[in-house]
Amino acid sequence: MFGITKIQFFNSNLKVLSTIIQQNGMSQYPNYYIKPIYKKDSQEELIKSGEIKKLSHLPTRAALADQTSSFSNDPLANLLINYCMREGNKILARNLVEQCFENIKRLQLEKYHKTTNEEDKHQIDLDPKSILHKAIENCKPILQLTPIKRGGVRYQVPVPITDKKAQFISMKWLIAAGQEKESTVRFNLQLARELIDAANNTGRVIKKKQDLHRQCEANRAYAHYRWS
Amino acid sequence: MYSSSIRFIFKNILPLKTPVQCFSSAPLLLSPEKLQRFRTTESQCLKHKDEHLGLFYTISEEDRKRIFIYGGIPKSFDVQTKTFNETCLMIRQPSLDIINCLRNLDYSKPVVRFVLYGKKGSGKSLSLAHILHYGYQSGFLIVHIPWLGNWMRRCKEYSNSETKEGYVDLNLDAAAWLLNFKTQNSHLLSNPEAKTSIDYVWSKREITPAGSDILNLVDHGINRIKYASDTIIALCEEIKKLSNKGIFRTLVAVDGYNAFFYPNTRVYTEKKEVVHPQNVTVTQGFMSLTNFDWKNGAAVVTVDEIAIAEEDQISHLPRYLLGKEGFEHLDPFVPVHVQNYTEKELTSCLDYYRERKWVNDYPGLDEEVKFVSDSNPYKLMKVCAPL
Amino acid sequence: MILRQIMRVVHPLRPVTLQKNILAGINGSDSYSTEIKDSVPQEEPTKKNISKAMKAYLERAKEHEDFMQKQREEFQIGKRHLANMMGEDPETFTQDDIDHAIEYLFPSGLYEKKARPLMKPPEEVFPQRKAAEFDESGRPYHFLFYTGKPNYYQVLHDISHHLIELNKFEDSMIRKKIQPDPNLALDLSGYQWIDKESLEEKLVETIGDKDYEYFINCFVRLTAVPYAYKIKDFIFEYTEPLLNQVQTYDAVKPHIDSDGKQFITVYECPRKAARGDVTIRFPGTGKITINNQGITYFEDVQSREQLLFPLIFTDMLNKVDIECNVSGGGPSGQAGALRWGIAWGLRSFVDQDIIEKMRIAGLLTKDYRTRERKKPGQWGARRKFTWKKR
């Protein structure tokens, strides 16, 4: 078969490809198919840097069902929808997240109409997607604790975390916080409140992150167990 | 298309009256703020004209509290008005046409029935709200059922009727409606000529004598919930008589009229059998009000798929939704088709959302939203919600 | 000399003269007849010094060579016969012509192309073998014979040799203060390294995965040198050109219908279990019809956005009319099928560079993914039953 190995790609001087190519054992596509670049501005960037010519030799996967080139399509929002999804019920998950965004807008607009000061009005963010981005960014932990066994004892050792993992943990915490609520309150409303709080660097999820950081700081002494 | 059908009916049933003298309201009224493309400051429904089509007008807070306190504005729209801090309705062709008709109607002729129909989410209820506002501002006596589905499919309490055999009462709903009626029409009900024509005997000790105020009748219904449904029937008859005499000009507005003819209600007898809406006491009152055996009034009614159960929501057309009974009862009526947004209306609506800071704008928003929502007003609102 | 069991192979790179030597060796006394004038003086080998194993080895090599020679002759004769049969000129009868002729004369319905009748030069049919790697005295010809994979290590040796030379050259250039010419720089963007099987065929040796990895690493190291263009012939020997994906998408010319409008119909749009066909008419107003219904055929917003995707990407939203029919599958599959159909059809109304952009956006790839089957002994496709230690 047409097998191209990981090494060939990683070592060829293609910065673009090294971020695109992945070895995915579970995908039904052959591993040399690259993920599509479906946003117009991402494509513009590639054209400017001249790397688009190198993509002309690589077959592309088909764009997924939740990807469009519209500006309203946000990859992080899509991820959030997927994480909220249970048993493949994408329609329900999407409705939840959309209602969550609607709630964010309503809460923010309420605040906006209440404040009389022009400056404060400008501070209030009315775009739910930007609030989502800020919230996720603010909740990302820098370290995580992993159990490492030394001398029969399992220590919780602070260990650096990759960006992707941090993002995943942040989103998982946000969703979990959305689910911890009274039964009268809706998930989308609770999640909206959590997102707004997190974007302002307050709230339960930020506290959780700070707790984790404190724990990591407390377990500093074990950090060398990572290598011993 | 349908405006020609209106003219046809008018030719055959009523002669066209000369148009009411309106004040020439130039849309570019001198107002402190700059007039936006999608808004009009004309808050008098009387003065809404063709040039106002596609524009938003504001309903004042007091009007809103008066007319729509019990309902009439759909919940999703209601939430939106809270967020936007104002109640703005779009002036659209169907409601404008009916308002024009109401302005030019010969009220000495029997009552004309208008039926608003359209696909789900096309704007029937809000058109009705606009017409209701017009009616209120023009001094009509308003008989308004906000959403018939609430009575037939989500009734608060049902009980066997005492006065009529085999009939079921919805007393709590009836009492609430009477209160609503009172609030909507309090300025008219204080008219000294609004008196009952006959005695109403409720029980051995309770009689509403002839010649007492209508207001008394209404209060009786509110206070004695047991007799609320019967009061409504009595009230309906009185309203017809008073309209015939010319004391009131009545506007009957029912949202979801087809629920009167859909057999699968969620109203049950005490034996848990399904009750046909014709066996509900309250229905009789409103059926007689939408009849054409009285004058000096008008009836505007919507037929909606959502008023019936989901499995039977096949068509949005009046003949199917009303069924044979309903169609024969309402025949002849003026059908008014409420369609999806036109280009102008869509742009206007999106501009309004942008101005209210509801939608975060990006290039190409208009076309994309138009495509995805298919210009359906309700779908447009849903699609714009997360943007 | 103890003979090792080595794959006896004809070495393609070896000059033919060495084979003559072998033959000479087998024939014993004929080896040093006056015809062959080898400058290398050798000891006079006596027949008695050649061991039986050695003899057998040399015989086998000769046999193979004879066999190959015979096959070559037969092939040539057969080719000429075939040309005569087909009424063509035997002199100018190419391999392509042979292939067509065989396909015509021996039509086969077999699905496996390799199982169909073929007529190819014997080098392609019979596996290559190395020529005798050592002479009758047991002395190997290749200096790296004792590595076990002489050809492989030969290449690595060449790489290191080139590296040293290029580095020297670079040093001299730096001393002269000359920069390497950027125009001449080696561009490998259209090429991929030779894959393991082809390399094995080329070297006529089996190599392991680790060896192959190391081989590629060495080449990559070599190409990283600034003056690599000087040995680009050597490098390109071990590369294969990549298919330029753009050329695989040739847009069909649109038809003209009775109204004078251009239209194009894409049949068999697949996605999971859904199958659809899409007709695009240009110029149009942005109308869209699915199974005689508007876009309200799809109730959920995601499916509608999927249909919107190719249209806004190519800015053809209100410029074309679309009529589709779709059946089978669920809403998501149907929407995906139609999305592909619209994108595929839009190629005919759009420029080549936008087609390339569509391809990179993933609009033009048929999504052949299907639901993975459930396996016995598991809950589903992947989920296993609870693991019990005993």
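Domain bounds, as used in these exercises, come from an automatic or database domain assignment. The structure above is a predicted model.

**Exercise 1.** State into which domains chain B is divided, and find how many residues each domain gives to the contact.

*Solution.* Begin with the division itself: domain 1 of chain B is made of 2–96 + 345–384, while domain 2 of chain B covers 142–337. Next, take contact to mean heavy atoms within 4.5 Å; the contact then takes ten residues from domain 1 of chain B and 16 residues from domain 2 of chain B.

**Exercise 2.** Describe the area that domain 1 of chain B and domain 2 of chain B bury between them, and count the salt bridges and the residue pairs in polar contact.

*Solution.* Start with the area, which is about 1,200 Å², with 65% of it on carbon and sulfur atoms. Then turn to the pairs: between domain 1 of chain B and domain 2 of chain B there are zero salt bridges, but three residue pairs are in polar contact, both residues being at pLDDT 80 or more.

**Exercise 3.** Work out which elements and which classes of residue make up the side of domain 1 of chain B that touches domain 2 of chain B.

*Solution.* First look for elements that give two or more residues to this side, and you find α1 (2–13) and α2 (61–67) of chain B. Of the elements, α1(B) gives the most, with three residues. Finally, sort this side of domain 1 of chain B by class, which yields seven nonpolar, two polar and one charged residues.

Technical notes: Residues numbered from 1 in each chain as written. Chains lettered and ligands numbered in written order. Predicted model: local features only at pLDDT ≥ 70, side-chain atom pairs only at ≥ 80, totals over all residues. Heavy atoms only, no water. Buried area = accessible area lost by both parts, 1.4 Å probe. Salt bridge = Lys/Arg side-chain N within 4 Å of Asp/Glu carboxyl O. Polar contact = N/O pair within 3.5 Å; in protein donor to acceptor, adjacent residues only side chain to side chain. Helix = DSSP H or I, 4+ residues; strand = E, 2+ residues; numbered from the N terminus. Nonpolar A, V, L, I, M, F, W, Y, C, P; charged D, E, K, R; others polar.
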